[in-house]
Amino acid sequence: MKLLEGKRAAIFGVANERSIAWAISEAFHAEGAELAFTFAGEVLEKRVRPLAEGIGSILPCDVTKDEEVEKVFATLKQEWGGIEILIHAIAFANKEDLSNPYVQTSRAGFHLAMDVSAYSLVALARHAAPLMEGRKGSILTLTYMGAEKVIPNYNVMGVAKAALEASVRYLAHDLGPKGIRVNAISAGPLRTLAAAGISDFKTMLHHVAERAPLKRNIDAAEVGKTALYLCSDWGSAVTGEVLHVDAGYNIMGM
Ligand code: NAP
């Protein structure tokens with residue numbers, strides 16, 4: 001029997017085939033999960049539909065709009081009755097806030113990054129929880145080491161990721177009594193659309209390959225395999241955890 005046979009996963013955050021959420025979807029599909037994808041706009045629909053076709057349904061959802069979040073979970077309830085897995089692989093900040101000094105972050109830029117990148121997990125978890133009750137649900141989000149240490153240019157996104165990681169712990173506490181686990185993967189840098197917005201991203205990749213204990217960068221499939229562990233029965237006692245998949249880079253002091 002495959003690891004995720006009979007499990008249904010709602011995947012938020014596939015933009016294209018380089019997306020971390022896509023690597024997770026491929027790993028889940030190979031292990032027998034049924035998948036539903038969301039997209040945030042018409043442009044995205046054009047990219048996500050051809051990828052998703054044949055392996056899952058697709059639904060519109062901009063996570064800053066409560067009515068779209070409500071609708072997506074109502075549809076999932078109608079179509080599936082419930083879900084076992086929720087993947088949250090969503091983040092956004094204004095481009096200038098990922099290159100100017102952090103001290104220049106505007107109130108609006110701060111709110112936007114927090115809303116899309118941190119609060120959205122809380123909103124999705126609240127709607128997913130009733131669909132997961134009695135099903136050993138698992139919620140997984142994606143974070144980055146910029147939440148823990150200063151990574152030049154990551155700026156407001158690092159602050160949003162710190163809020164996201166704290167949310168993982170509070171959500172794990174809230175939802176644990178219902179048998180729902182909430183975890184995060186802190187991934188090393190990967191070339192994706194979102195990463196293209198970060199100034200000097202190439203330097204981050206070089207730095208990791210030079211300094212990480214494994215002396216290399218990671219690939220997205222390695223995040224997919226870890227997601228499989230966290231969202232399957234293999235991770236049944238793991239909750240509130242932030243697991244680094246970063247070739248060990250985070251342990252280095254010098
Ligand atoms: P990606 O392919 O660009 O995925 C980011 C996703 O967020 C896109 O699908 C994007 O859709 C979506 N999104 C943004 N605003 C949204 C909104 N308002 N409503 C719904 N969806 C929205 O990049 P990725 O690197 O795979 O990012 C996935 C997650 O991994 C993010 O949380 C990111 O911070 C995290 N992460 C990435 C790295 C890395 O180096 N790449 C490392 C660690 C953690 P649109 O294209 O429509 O905006």
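Here is a walk through a predicted model, from charged pairs to ring pairs to a cavity inside.

Let's begin with charge. Side chains of opposite charge can pair when their charged atoms come close. How many salt bridges does the count come to? The count comes to five. Find arginine 8 and glutamate 84, whose side chains meet in a salt bridge with 2.9 Å from N to O. These two sit in distant parts of the chain, 76 residues apart. Arginine 8 belongs to strand 1 (residues 8–12), while glutamate 84 is in the loop between helix 3 (66–80) and strand 4 (85–88). Are the two partners buried or exposed? Arginine 8 has 13% relative accessibility, so it counts as buried, because the cut-off for that label is under 20%. Glutamate 84 is buried too, with a relative accessible area of 7%. There is also a third residue to look for here: Arg8, Glu84 and Arg135 are linked in a network of salt bridges.

Now turn to another pair, lysine 65 and aspartate 62. Their side chains meet in a salt bridge as well, this one at 3.8 Å from N to O. Lysine 65 has 35% relative accessibility and so counts as partly exposed. Next, head along the chain to arginine 211, which forms a salt bridge with glutamate 210. The closest N and O atoms of that pair are 4.0 Å apart. Arginine 211 counts as partly exposed, at 40% relative accessibility, whereas glutamate 210 is exposed, with a relative accessible area of 54%.

On to the rings. A pair of aromatic rings is described by the distance of the centres and the angle of the planes. Here the count comes to three aromatic pairs. One of them joins tryptophan 22 and phenylalanine 37: the ring centres are 5.9 Å apart and the planes are at 40°, so the pair is tilted. Where do these two residues lie? Tryptophan 22 is in helix 1 (residues 20–30) and phenylalanine 37 is in strand 2 (residues 34–39), so the pair ties together parts that are 15 residues apart in sequence. Both tryptophan 22 and phenylalanine 37 are buried.

Another ring pair is made of tyrosine 144 and tyrosine 154. Their centres are 4.8 Å apart and their planes are at 70°, so this pair is edge-to-face. Tyrosine 144 and tyrosine 154 are 10 residues apart, and each is in the loop between strand 5 (138–143) and helix 5 (155–175). Both of these tyrosines are buried.

Keep tyrosine 144 in view, as we'll meet it again beside serine 186. You'll find serine 186 in strand 6 (residues 181–187). At 1% relative accessibility, serine 186 counts as buried. What does serine 186 touch, not counting residues up to four places away in sequence? Its contacts include Tyr144, Met145, His244 and Asp246, along with Thr143 and Val242.

That brings us to the empty space. Rolling a probe the size of a water molecule over the atoms shows where empty space is left. A search of the whole structure finds one cavity of 30 Å³ or more, and the largest cavity holds about 50 Å³ of space. Which residues line the largest cavity? Among them are some you have just met: Tyr144, Met145, Ser186, His244 and Asp246. Others in the lining include Ala187, Gly188, Pro189 and Val208, as well as Tyr249. Sorted by type, the lining divides into six nonpolar residues, three polar and one charged.

Key. Residues are numbered from 1 along each chain as its sequence is written. This is a predicted model: local features need pLDDT of at least 70, side-chain atom pairs count only at pLDDT 80 or more; totals for chains, interfaces and linings use all residues. Side-chain values use heavy atoms; hydrogens and water are left out. Helices (H or I, at least four residues) and strands (E, at least two) are DSSP runs, numbered from the N terminus. Buried means under 20% relative accessible area, exposed over 50%, partly exposed in between (1.4 Å probe, protein chains only). Rings of Phe, Tyr and Trp (its six-membered ring) pair if their centres lie within 6.5 Å; planes under 30 degrees apart count as stacked, over 60 as edge-to-face and the rest as tilted. Contact means heavy atoms within 4.5 Å. On a 1 Å grid over the protein atoms alone, a cavity is a set of points where a 1.4 Å probe fits but cannot get out, and a pocket is an open set with protein on both sides within 12 Å along at least five of seven lines; lining residues have an atom within 4 Å of a point. Grid points are joined across faces, edges and corners, and a volume is the space filled by probe spheres set on the points. Ala, Val, Leu, Ile, Met, Phe, Trp, Tyr, Cys and Pro count as nonpolar, Asp, Glu, Lys and Arg as charged, and the others, Gly among them, as polar.
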